[in-house]
Amino acid sequence: KELKKKIFVMFLFSIVSVFAYEELNMDNFEQKIKGKNVIVDFYAVWCPPCKTLASNLQEFDVIKPDNVEIYKVNIDDELLLAKKHGVSKLPTLLYFKDGKKVGETIGVLTPQELLQASEQNFK
């Protein structure tokens, strides 16, 4: 029974890791966003709306254009990065095209709204 429990827990972690987005920090932020269309999710683990948005981002990941990448920034770990980009409310999504900020949304968006926002910001 203990072995089944361990296998189940490992299975859950493997599913979660498939949907885990790379976390950005002060050291890698600029390098990761340059030359591409990027959505950066500024969130906190203690923020319930952030969890809802994270779930919607996973659904959006299936329907998003191939040229759009998603990254995350945990504001508890990277407060200076959040301040640098003017993030004061959670959850906040920032849209970057070729390293330049082209848009921002605050609050929970549905997968369809995420698709519309990405289409508008990455014309």
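This is a tour of one predicted model, from the whole chain to the sheet, its helices and the disulfide.

Before selecting anything, note that local features need pLDDT of at least 70 and side-chain atom pairs count only at pLDDT 80 or more, while totals for chains, interfaces and linings use all residues. Residues are numbered from 1 along each chain as its sequence is written, and side-chain values use heavy atoms, with hydrogens and water left out.

**Whole chain**

Show everything as a cartoon. The protein has 5 helices and 4 strands; these are DSSP runs numbered from the N terminus, helices being H or I over at least four residues and strands E over at least two. Read from the N terminus, the order of elements is α-α-β-α-β-α-β-β-α. Switch on a surface: the accessible area is about 7600 Å², with 58% of it on carbon and sulfur atoms (Shrake-Rupley method, 1.4 Å probe; for residues, only the protein chains shown count as cover). Of the 123 residues, 41% are buried, where buried means under 20% relative accessible area, exposed over 50% and partly exposed in between, with a 1.4 Å probe and protein chains only. Contacts are heavy atoms within 4.5 Å; of those between residues at least 6 apart in sequence, 70% join residues at least 24 apart.

**The sheet**

Select the 4 strands. They form an open sheet with mixed pairing, in the order β2-β1-β3-β4; two strands pair if DSSP finds at least two bridges between them. β2 (68-74) and β4 (100-106) are the edge strands, each with a single partner, so one side of each lacks a neighbour in the sheet. On average, neighbouring strands are turned by 20° against each other, direction ignored. For this and later angles, axes are lines fitted to C-alpha atoms, for helices over the stretch in contact, and angles run from 0 to 180 degrees between N-to-C directions.

**Strand β1**

Narrow the selection to residues 37-43, which are β1. Its pairing with β3 (residues 92-97) is antiparallel, over 6 bridges, whereas β1 and β2 run parallel and are joined by 7 bridges. Pick N37: its bridge partner in β3 is K97, and in β2 the partner is V68. Further along, D41 stands opposite L93 in β3.

Now show the side chains. In a regular strand the side chains alternate between the two faces of the sheet. Here N37, I39, D41 and Y43 point one way, and V38, V40 and F42 the other. Because 7 of its 7 residues are buried, β1 is largely enclosed by the rest of the structure.

**Helices on the sheet**

Select residues 48-63, helix α3, which lies across β1, β2 and β3 and runs at about 160° to β2. Next take helix α5 (residues 111-121): it packs on the sheet, touching β1, β3 and β4, with its direction at about 35° to that of β3.

**The disulfide**

Finish at C47 and C50, joined by a disulfide with S to S at 2.3 Å. A disulfide is counted when two cysteine sulfur atoms are within 2.5 Å, and the structure holds 1. The link is right-handed, with 80° about the S-S bond. Are its two cysteines buried or exposed? C47 is buried at 4% relative accessibility, and C50 is buried with a relative accessible area of 4%.
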